[in-house]
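Let's learn to read a protein model together, one feature at a time. Have the sequence and the picture ready.

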Amino acid sequence: MSTAATTDSVATSKPTARVSPRAWLQDALPKIVLAPSFVITIIFVYGFIVWTAYLSFTNSKTFPSYALTGARAYQRLWRWTFESDPPSSWYTSITNMAIFGFLYIGICLALGLFLAILLDQKIRGEGLLRPIFLYPMALSFIVTGVAWKWFLDPGLGLEQTLHHFGWTSFHFDWIKNKDFVIYTVVIAGVWQASGFVMAMFLAGLRGIDGEIMKAIPLLRPIFLSAFIVLAHMAIKSYDLVVALTSGGPGGSAWLPSNFMYEYTFKRNEMAVGSASAIIMLMTISAIIVPYLYSELKEKAR
């Protein structure tokens, strides 16, 4: 009994192992390095999201106003959507968003999958074709917009070139036509992003054994990932529209991002611009949150 008591007293009195400064630094260094980025992200991303949401419930004009006035900005956007005659610039923006989003995402997915299936056949020259298809994604939307603006301008690009070759009856003035200008944005956007989608599908196909038709159902995660990326790019597109069409005749090529910038910084309607920004955020969240939820739920299984 005395031996057991002695053993217990020795165990109790044994000093706790000390953590060396080197070990503590190795454990703390990643947190120290990441802390500034984490704080900056919290302030300048999520903090400004909260600030923008707050401003959308004020009567802010040229400068912020912090007195809450309710949902007047959202009510104005609602009226401009459903009660405006002739159609408002907000109605034009969301209509263009529907057209651009549907065609941009649909064509990129279809074309990207087709190119991936084509390259997966181990065709000759794959090493040359793959970087050619991927190259547009390395360009900024500004460069893409300017290049396609030159190409589609009736006085400079395709139409003028064909007229020089004698095809004087050819006309392609979509970029100057308010009813078709949004489709030129689709053309430029698809040209830039379809190679990126091809790369995603090709990586998926190369990781699946079996025939093409049997492999396609297994590409569901790739489809979803590509859809999320394309939808995010479509909703926040701004620079492509500005560089390609300068907003189009009378703002006919506006997307919600162009509307937000115009009303916030040029028309001195900061509350309305903030409300449109929050609606864009809610749209992106409505796409991304269910995807993340399904992915996390699947991993939990």
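What follows is a short conversation between a learner and a teacher about this model.

Q: What should I know before I start reading?

A: This is a predicted model, where local features need pLDDT of at least 70, side-chain atom pairs count only at pLDDT 80 or more, and totals for chains, interfaces and linings use all residues. Residues are numbered from 1 along each chain as its sequence is written, and side-chain values use heavy atoms, with hydrogens and water left out.

Q: How many helices and strands does the protein have?

A: Helices (H or I, at least four residues) and strands (E, at least two) are DSSP runs, numbered from the N terminus. Here you get 13 helices and zero strands.

Q: What can I say about the overall size?

A: One handle is the radius of gyration, taken over C-alpha atoms; the globule rule is 2.2 Å times the number of residues to the power 0.38. For 301 residues, a compact globule would come out near 19 Å, but this protein has 28 Å. You can also look along the principal axes, where the C-alpha trace spans about 110 × 65 × 35 Å.

Q: How do I tell whether a residue such as Thr-184 is buried or exposed?

A: Use relative accessible area with a 1.4 Å probe, protein chains only: buried means under 20%, exposed over 50%, and partly exposed is in between. Thr-184 has 0% relative accessibility, so Thr-184 counts as buried. Over the whole protein, 35% of the 301 residues count as buried.

Q: Where is Thr-184, and which residues does Thr-184 touch?

A: Find helix H8, residues 181–206, and you'll find Thr-184 there. Contact means heavy atoms within 4.5 Å. Skipping residues up to four places away in sequence, Thr-184 touches Leu-152, Trp-174, Ile-175, Leu-244 and Thr-245.

Q: Which other residues of helix H8 could I look at?

A: Try Ser-194 and Arg-206, which both lie in helix H8. At 7% relative accessibility, Ser-194 counts as buried, while Arg-206, at 36%, counts as partly exposed. Apart from neighbours within four places in sequence, Ser-194 is in contact with Cys-108, Leu-111 and Gly-112. With residues up to four places away set aside, Arg-206 touches Leu-119, Asp-120, Lys-122, Glu-126 and Arg-130.

Q: How far apart in space are Arg-206 and Asp-120?

A: Check their C-alpha atoms: Arg-206 and Asp-120 are 86 residues apart along the chain, with a separation of 7.3 Å. Ser-194 and Phe-133 are 61 residues apart along the chain, and their C-alpha atoms are separated by 7.8 Å. For Thr-184 and Ala-271, 87 residues apart along the chain, the C-alpha separation is 31 Å. As for contacts in the protein with a separation of 6 or more, 66% come from residues 24 or more positions apart.

Q: Which residues touch the most other members of the largest nonpolar core?

A: A nonpolar core is a set of buried Ala, Val, Leu, Ile, Met, Phe, Trp, Tyr and Cys residues joined through side-chain atoms within 4.5 Å. The largest one has 45 residues, and Phe-100, Tyr-104 and Leu-230 touch the most other members. Several helices each supply at least two of its residues, including H4 (89–119), H6 (141–152) and H10 (220–235). H8 gives the most, with 13 residues. Zoom in on Phe-100: not counting neighbours within four places in sequence, its contacts are Ile-105, Ile-182, Val-185, Val-186, Ala-234, Ser-237 and Leu-255. There is also a second, separate core of twelve residues, among them Trp-80, Phe-259, Ala-271 and Ala-275.

Q: Which backbone angle is worth a look at Ser-246?

A: Look at phi. Ser-246 has a positive phi of about 55° although it is not a glycine. Ser-246 lies in the loop between H11 and helix H12 (256–266), and at 53% relative accessibility Ser-246 counts as exposed. Asn-268 is another non-glycine with a positive phi, near 55°. Asn-268 sits in the loop between H12 and H13 and counts as partly exposed at 34% relative accessibility.

Q: How many positive and negative side chains are there?

A: Lys and Arg count as positive and Asp and Glu as negative; His and the chain ends are not counted. The place of a charge is NZ of Lys, CZ of Arg, CG of Asp or CD of Glu. This protein has 23 positive and 17 negative side chains, and the centres of the two sets lie 8 Å apart.
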